[in-house]
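Thank you all for coming; I would like to walk through one structure with you this morning. Please have a look at it first, and then I will take it piece by piece.

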Amino acid sequence: MSEDKRPGWLLRKMFGTKEEPRPEPVPVQPPDPKPLPPPVPRPVAEAPVVAPPVAEPVAPPPESPASFSEGQPDFATAATDVSHVPPPPSEPAAGTPGKNAVPDEIEGADLQPVEGTQERPPAGTAGDDPARGAEAADTTSQAFAPHGAPDPEPEVATQIFLPEPEAEPEGEKRGWWSRLTGGMKRTSSALTERVTGLFTKRKLDADTLEELEDALIQADFGLEMATRISEAVGKGRYEKGISPDAVREILAAEVERALTPVAIPFTIDTTKKPFVILMIGVNGAGKTTTIGKLAMKLRADGHSLMLAAGDTFRAAAIEQLKVWGQRTGTPVIARAQGADAAGLAYDAYEAAKQQGTDVLLIDTAGRLQNKAGLMAELEKILRVIRKIDPEAPHAVLLVLDATVGQNALSQVELFSKAAQVTGLVMTKLDGTARGGILVALAAKFGLPVHFIGVGEGVEDLEPFEARDFARAIAGLDKD
């Protein structure tokens, strides 16, 4: 191409500049073959393997075309540049001594371990850890055990767990009245605040009595009892002033009058031996804990006891009853989880009768009162016990959770039909502001209320006293 036809000829003509000649490319000489390394000694049985020739990389000259291509590969030398290719796994790298090569002096010798040394097992095996090694050895011995080895003996179907002596923890104990008022604090505070707000500097009229009735219904006194109390407060005082303290006195008097007929102490008939007590209730009502507390009280009265872990469905019920047996010094009859509760009750009755035990307390699984299948299982327990003693169980105690409120009315109705409830135990009065449910139960069913609970401690379950309960719920002092 002529000088006038090359690119940039117009600028060169105007300014008189001329493009500098580009340097000629330097021819690249092919690399000289490198002599092969000496072969690695091998055992006689193996044929020597010759490593392929490896060519050393040849760097391009400083002024080679590669310097003008901004790092682009030089295809002229790429075929012979094998420096980046690793050697085969079975062959040593070129120019390095053979680490695994056997010296000529010991080649073919019969090598034996040196006395007094222990061969180390390969890394990552059970031999690295003595404990793991023993574990592996035990597993191996079990895997290769003879087929005729005897199986382990099965566990006994029904077991009796005898308690061990346990020291009682020492601590400051409060009186029952203090625990009762503390447990009823939520219910009494809600009522007291409402009554104080209604009857402070205000005349007694229809609206005030209606608001009082609403407050009592919210505390689960029930419509019948709430109407009776509001009528007692308004009797002879209409359009007159009345103090909040006077209203609380009337409230306590009406509650005591409603509860006195059902405040019946729980007694043991010593002519029936064993005296069988069946504890029933819904899930979470506190049956197992109540059994432990009741066992403590009966044992303090001089009765010999036995506990039956009939709640075979709940995961920790059996262990929980064993703990109570330990604390109260009472033997516990138990089976494995999922066993037949009726069969366990039968075995427990036979064991208590054989040992001459005074009282047998039978725990049962929590069941919803509206589940027909679960209630049928409870009826089965009753039928099995009555095959031995037609009069048993001699007491059926329904444990009620005070926090469920009006649902307790349904529980009493349906459990009474299935198991002929003889008495009530009200628990968790310290966890609700609706302690008036006990008043509603007494007014509707008239069943005996034997015990009430206001805490988790053994001393927090006490016989029911109508007057104490009435004054505690009204926020009054004991007189």
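Before I name any neighbours, let me say that contact here means heavy atoms within 4.5 Å. I should also say at the start that this is a predicted model, so that everything I describe is computed from that model.

With that in hand, let us begin at Ser-188, which has its place in helix H4, residues 185-199. Leaving aside residues up to four places away in sequence, Ser-188 touches Ala-472, Ile-473 and Gly-475. Because its relative accessibility is 7%, and buried means under 20%, Ser-188 counts as buried.

For the overall setting, the chain has 14 helices and 9 strands, and buried residues make up 36% of its 479 residues. If we take the contacts between residues at least 6 apart in sequence, 76% of them join residues at least 24 apart.

A residue that I would like to spend some time on is Arg-179, which is found in helix H3, residues 176-183. Is Arg-179 buried or exposed? With a relative accessible area of 8%, Arg-179 is buried. Computed along the sequence, or rather counted along it, Arg-179 and Val-454 are 275 residues apart, and yet in space their C-alpha atoms are 7.1 Å apart. The side chain of Arg-179 also reaches the backbone oxygen of Glu-459, at 2.8 Å.

That brings us to charged pairs, and in general side chains of opposite charge can pair when their charged atoms come close. The count of salt bridges in this model comes to 15. In one of them, the side chains of Arg-179 and Asp-460 meet at 3.3 Å, N to O. This pair links distant parts of the chain, since Arg-179 is in helix H3 while Asp-460 is in the loop between strand E8 (449-453) and strand E9 (461-463), 281 residues apart. Both partners, Arg-179 and Asp-460, are buried.

A second salt bridge is formed by Glu-254 and Arg-257, whose closest N and O atoms are 2.9 Å apart. Here both residues lie in helix H7, residues 244-259, and they are 3 residues apart, which is about one turn of the helix. Glu-254, at 12% relative accessibility, counts as buried, whereas Arg-257, at 52%, counts as exposed.

A third one joins Lys-273 and Asp-358, with the closest N and O atoms 3.3 Å apart. This pair, too, links distant parts of the chain, with Lys-273 in the loop between H7 and strand E2 (275-280) and Asp-358 in the loop between helix H10 (341-355) and strand E5 (359-362), 85 residues apart. There is also a network, in which salt bridges that share partners join Arg-179, Lys-297, Asp-460 and Glu-462.

Let me finish with a pair of helices. At what angle do the axes of helix H11 and helix H12 cross? The axes of H11 (residues 372-388) and H12 (residues 407-419) come within 9 Å and cross at roughly 40 degrees, which makes H11 oblique to H12. On the H11 side, Met-375, Leu-378, Glu-379 and Leu-382 meet Leu-414, Phe-415, Ala-418 and Ala-419 in H12. By class, this contact has 7 nonpolar, no polar and 1 charged residues.

Definitions and conventions
Residues are numbered from 1 along each chain as its sequence is written. This is a predicted model: local features need pLDDT of at least 70, side-chain atom pairs count only at pLDDT 80 or more; totals for chains, interfaces and linings use all residues. Side-chain values use heavy atoms; hydrogens and water are left out. Helices (H or I, at least four residues) and strands (E, at least two) are DSSP runs, numbered from the N terminus. Buried means under 20% relative accessible area, exposed over 50%, partly exposed in between (1.4 Å probe, protein chains only). A polar contact is a pair of N or O atoms within 3.5 Å; within protein, one must be able to donate a hydrogen and the other to accept it, and residues adjacent in sequence count only if both atoms are side-chain atoms. Axes are lines fitted to C-alpha atoms, for helices over the stretch in contact, and angles run from 0 to 180 degrees between N-to-C directions. Angles under 35 degrees count as roughly parallel, over 145 as roughly antiparallel, 65 to 115 as roughly perpendicular and the rest as oblique. Ala, Val, Leu, Ile, Met, Phe, Trp, Tyr, Cys and Pro count as nonpolar, Asp, Glu, Lys and Arg as charged, and the others, Gly among them, as polar. A salt bridge is a side-chain nitrogen of Lys or Arg within 4 Å of a carboxyl oxygen of Asp or Glu.
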